[in-house]
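Here is a short guided tour to read with the model open beside you. Take it at your own pace, and turn the view as you go.

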Amino acid sequence: MDYYNNKKFKKIYMQQNFEQRISDESKELRIRISERNEEWVQPYITNLVYELKVPKLLYAVCTDQNGKKFLLIDKCKRKGNIEIVPFDNNTILLTDLNSKDVDYSVEIEIKDNP
C-alpha cells in the first residue's frame, strides 16, 4: 500500500529535500524476518511507503540530491516519530520490533536485480 500522501512522510520528503519518486528496475528491496523464516522481494521505488503488518512498520527508501540513500522508518507507535537512517551498506537491520509480545528483527536490503 502506498502511503505517499501520508502527511508525516510527505513532510520529511520536503524538509530533507529528497528526490522525487524514482523506480529503478535494476534494483530490488529484499525483506527478511528471521523469526518467521520469511523473505520476499519488493520493487525498488524511492519515496514509496511500504507497510508490514506484523510487526507493524511503515518504511520508505529515499535518495538525496547527492545520491545518498536513507531509510525512513515509522514503527507506528502512538507518539512515534519517523526515523531517518542512512542506508550506508545497502542493508539495514531493524531490531526490537514488538508485536503481541514477540520481538522481531527485520532486515531490509537493496540488491541488484539478477
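In which sense do β7 and β8 pair, and over how many bridges? This is a predicted model, and in it the two strands pair in the antiparallel sense, over 7 bridges. One place to look is S99, which stands opposite V102 in β8. β7 and β8 form a hairpin with 2 residues between them, and K100 in the turn has a positive phi of about 50°.

β8 has a further partner to show you. β1 and β8 run antiparallel and are joined by 7 bridges. Within this pairing, I31 has I108 in β8 as its bridge partner.

**The open sheet**

Now turn to an open sheet of 4 strands, whose order is β3-β4-β5-β6 and whose pairing is antiparallel. β3 and β6 are the edge strands, each pairing on one side only. On average, neighbouring strands of this sheet are turned by 25° against each other, direction ignored. As a reminder, strands of a sheet pair through backbone hydrogen bonds, either parallel or antiparallel. β5 and β6 are an antiparallel pair joined by 4 bridges. Here F70 has P86 in β6 as its bridge partner.

**What fills the interior**

Which residues touch the most other members of the largest nonpolar core? The core has 21 residues, and the ones to pick out are L29, Y59, L71 and I108. Two or more residues each come from β1 (23-33), β2 (38-45), β3 (50-52), β4 (57-63), β5 (69-74), β7 (91-99) and β8 (102-112). β8 gives the largest share of this core, 4 residues. I108 thus appears in two roles: it is one of the residues that touch the most other core members, and it is the bridge partner of I31.

L71 is a good residue to select and explore. Leaving aside neighbours within four places in sequence, L71 is in contact with Y59, A60, V61, E83, I84, V85, F87, I92 and I108. Y59 and I108 are on that contact list, and both also belong to the group that touches the most other members of the core. There is also a second, separate core of 11 residues, which includes I12, Y13, L58 and L72.

**The helix and its two faces**

Which residues of α1 are buried? Helix α1 spans residues 7-15, and its buried residues are F9, I12 and Y13. They lie on the same side of α1, because they cover an arc of only 105° around the axis. The general rule behind such a pattern is that an α-helix has 3.6 residues a turn, so residues three or four places apart point the same way. What covers the buried residues of α1 includes β4, β5 and β6. I12 and Y13, two of the buried residues of α1, are also among the members of the second core. The face turned away from the buried side carries the exposed residues K7, K11, M14 and Q15.

Just after α1 comes N17, with a positive phi of about 60°. N17 lies in the loop between α1 and β1. Apart from its neighbours within four places in sequence, N17 is in contact with I12 and Q65. The C-alpha atoms of N17 and D74 are separated by 19 Å, the two residues being 57 residues apart along the chain.

**Backbone details worth a look**

N17 has company: N90 also has a positive phi, in a residue other than glycine, and D96 likewise has a positive phi although it is not a glycine. The table sets these three side by side.

| Residue | Phi | Location | Relative accessible area |
|---|---|---|---|
| N17 | about 60° | loop between α1 and β1 | 41%, partly exposed |
| N90 | near 65° | loop between β6 (83-86) and β7 | 29%, partly exposed |
| D96 | about 60° | strand β7 | 62%, exposed |

Is D96 buried or exposed? D96 is exposed, since its relative accessible area of 62% is over the 50% cut-off.

One last stop is a peptide bond. The bond from V54 to P55 is cis, with omega near -5°. P55 has its place in the loop between β3 and β4.

Technical notes
Residues numbered from 1 in each chain as written. Predicted model: local features only at pLDDT ≥ 70, side-chain atom pairs only at ≥ 80, totals over all residues. Heavy atoms only, no water. Core = buried A, V, L, I, M, F, W, Y, C linked by side-chain atoms within 4.5 Å. Buried < 20%, exposed > 50% of the residue type's maximum accessible area, 1.4 Å probe, protein only. Contact = heavy atoms within 4.5 Å. Arc of directions from axis to C-beta. Pairing = 2+ DSSP bridges. Axes fitted to C-alpha atoms, helices over the stretch in contact; angles between N-to-C directions.
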